[in-house]
Amino acid sequence: MSLKGVAIYTFLSENKEEISIKENEEVVIFEENSMDGWVLGENSRGERGLFPKSYVEIIRTRSDSNVTDCSISPAGSLGNDSPYLPSTPNTSLNSGKIYDEDYYDDWDDWDDRSTVVDDADHTSSTGANGHIFQVPPSSNPNVHYRSKSASGQDNMASSRKGSMVGRNLNRFSSFVRSGVEAFVLGDVPMMAKIAESYTIEMGPLGPQWKANPRPFICSIEDPTKQTKFKGIKTYISYRVTPSHTGRPVYRRYKHFDWLYNRLLHKFTVISVPHLPEKQATGRFEEDFIEKRKRRLILWMNHMTSHPVLSQYEGFEHFLMCADDKQWKLGKRRAEKDEMVGAHFMLTVQIPNEHQDLQDVEERVDNFKSFAKKMDDSVMQLTHVASELVRKHLGGFRKEFQRLGNAFQSISQAFTLDPPYKSDALNSAISHTGRTYENIGEMFAEQPKYDLFQMLDKLSLYQGLLANFPDIIHLQKGAFAKVKESQRMSDEGKMDQDEADGIRKRCRTVGFALQAEMSHFHQQREVDFKDMMQAYLREQIAFYQRVVQQLERTLRMYDGL
């Protein structure tokens, strides 16, 4: 039975078995039961093929269900009832059915559901991320205890007078689902102890995240095809080595995917880089494995360079834990982290500097315009570079081969009248033909040295930029609540203290967004400088090799 649906995110196909769908596009799904996270369907252009089930919303009639079935569901233990699920166009939140890595395979001992973390009594010592367990305190300098202050009640509206600030009627908006609305309105209860803190400080250009006091990098190498259960299950393992330990751990794509979903769930106002796309077929082909490795390296570089993400204890666990039992325990702790979504905002420490909310709103609007223009430009460069790759692999190679064949034909023609043939000239012309054939092959090989790397970097930034509309929407929603609360206070419908509390919490959201904007700009300058330098160096080296080939051929005509 076919079902109608609407695409809630844009998906671009990369294989002939897949089809592209655009956000808000109507689609037909031929079979609701997914094939490991993929469904067979038809887009509005009549194309049939596979696309991710998590990218579409199935439209049910009243006879099917009393509610619309949104196929986005949190992975594993995120909990289907989480009100703080962030919105992103590349989430893998339906990863319980990933074709790519059999995420929750019943055979998989990586996630043994019988393993349980025993929580101690709430009076016991508190470990990192606010979880209570009997282990030594974390060495993470970002993890410490901050007691609830006497002024904490100012963060929560303790007394309401008359009408409360209205809630957003669209309960599916990112402002609501992220929990930021609840935080701004004071509906997120303070906790007795908060075992982590992320600091924002004033930099020369405005708020910025405080740098990680122990910066590090991390390599991803040696993708290896492995099997288990006597060859029934096959997967790719990557060697991951953080610089601050020097000890490698081995991770599969599903481990990256688990970490990615934890990051999405926790950090509502941070643009978490997207993982490389999943692929329904051909995931053990050499080209695909190499492409995924390159993009995982870029993903990891962005993670380690981010002042907040790089200090997340779940990330540390991912990078350092090599013991299976300890992995499961740490995984459970991360999944039971309470400081996620709206509660994450309680961990953000902002500077005392005053910022006029109107000035902040103007700055956010400027960044929004910038991000939209950059997104369009990145898409344009991606299209041009992809087309150039196609020409390198096809058109350029064929044209140079045709030219080489034509020179070879001339050389052969000159040999047909023996008394007048010139062996030296014919040999030089024939060699010229072979030279151009070689140049054609050089053009076909060149994208792997320059254009592929450029496309990888552009893909990373497409994902980062795609996150910002929702993040900016959080700030816009907070601004609206401040204006509404002040109006109600002026009309005597709300205590001024409550309105001031909403404004104060809005400042936290505003500082966090500005810090994220600042980090994006800093990293963008580094990344695009490196990208352009690398591309130009490879282009220069390529054309120098072409010139060398032509110069050697030219010397064959000397003295004829």
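Two strands count as paired if DSSP finds at least two bridges between them. Strands themselves are DSSP runs of E with at least two residues, helices are runs of H or I with at least four, and both are numbered from the N terminus. The model is predicted, so to speak of local features takes a pLDDT of at least 70 and side-chain atom pairs count only at pLDDT 80 or more, while totals for chains, interfaces and linings use all residues. Residues are numbered from 1 along each chain as its sequence is written, and side-chain values rest on heavy atoms, with hydrogens and water left out.

Take the mixed sheet to begin with. Its three strands come in the order 10-9-14, and the sheet is open. Strand 10 (206-209) and strand 14 (348-349) sit at the edges, each pairing on one side only. Four bridges link strand 9 (residues 198-203) to strand 10 in the antiparallel sense, and M202 has P207 of strand 10 as its bridge partner. The two strands make a hairpin, with two residues between them. On the other pairing, strand 9 runs parallel to strand 14 and is joined to it by two bridges; here T199 is partnered by Q349 in strand 14. Helix 11 lies across strand 9, strand 10 and strand 14, at about 75° to strand 10. For such angles, axes are lines fitted to C-alpha atoms (for helices, over the stretch in contact), and the values run from 0 to 180 degrees between N-to-C directions.

Helix 11 (residues 496-555) also packs with helix 9 (residues 423-445), at an angle of about 170° and with the axes 10 Å apart. That makes the pair roughly antiparallel, a label for angles over 145 degrees (under 35 is roughly parallel, 65 to 115 roughly perpendicular, and the rest oblique). Contact here means heavy atoms within 4.5 Å. On the helix 9 side, the contact residues include H431, T435, Y436, I439 and F443, and they meet a helix 11 set that includes F542, Y543, V546 and L550. The residues of this contact split into eight nonpolar, six polar and one charged. In that scheme Ala, Val, Leu, Ile, Met, Phe, Trp, Tyr, Cys and Pro are nonpolar, Asp, Glu, Lys and Arg are charged, and the others, Gly among them, are polar.

The other open sheet also has three strands, in the order 11-12-13, and its pairing is antiparallel. Strand 11 (218-228) and strand 13 (249-252) are the edge strands, each paired on one side only, and the twist from one strand to the next averages 35°. Strand 11 and strand 12 (residues 233-242) are held in register by nine bridges, with T227 partnered by T234 in strand 12. Helix 6 (residues 313-320) packs on this sheet and touches strand 11, strand 12 and strand 13, its direction making about 110° with that of strand 13.

Helix 6 has a helical neighbour too: its axis and that of helix 4 (residues 253-266) come within 10 Å and cross at roughly 170°, so these helices are roughly antiparallel. H255, F256 and L259 in helix 4 meet G314, F315 and F318 in helix 6. Four of the residues in this contact are nonpolar, two are polar and none is charged.

Then there is helix 10 (residues 451-490). Its 40 residues should span 58 Å at 1.5 Å a residue, and the end C-alpha atoms are 59 Å apart, which agrees; the expected span is 1.5 Å times one less than the number of residues. Even so, helix 10 bends by about 25° at P469, the bend being the angle between axes fitted to the seven residues ending there and the seven starting there. Just after helix 10, G492 adopts a positive phi of about 80°.
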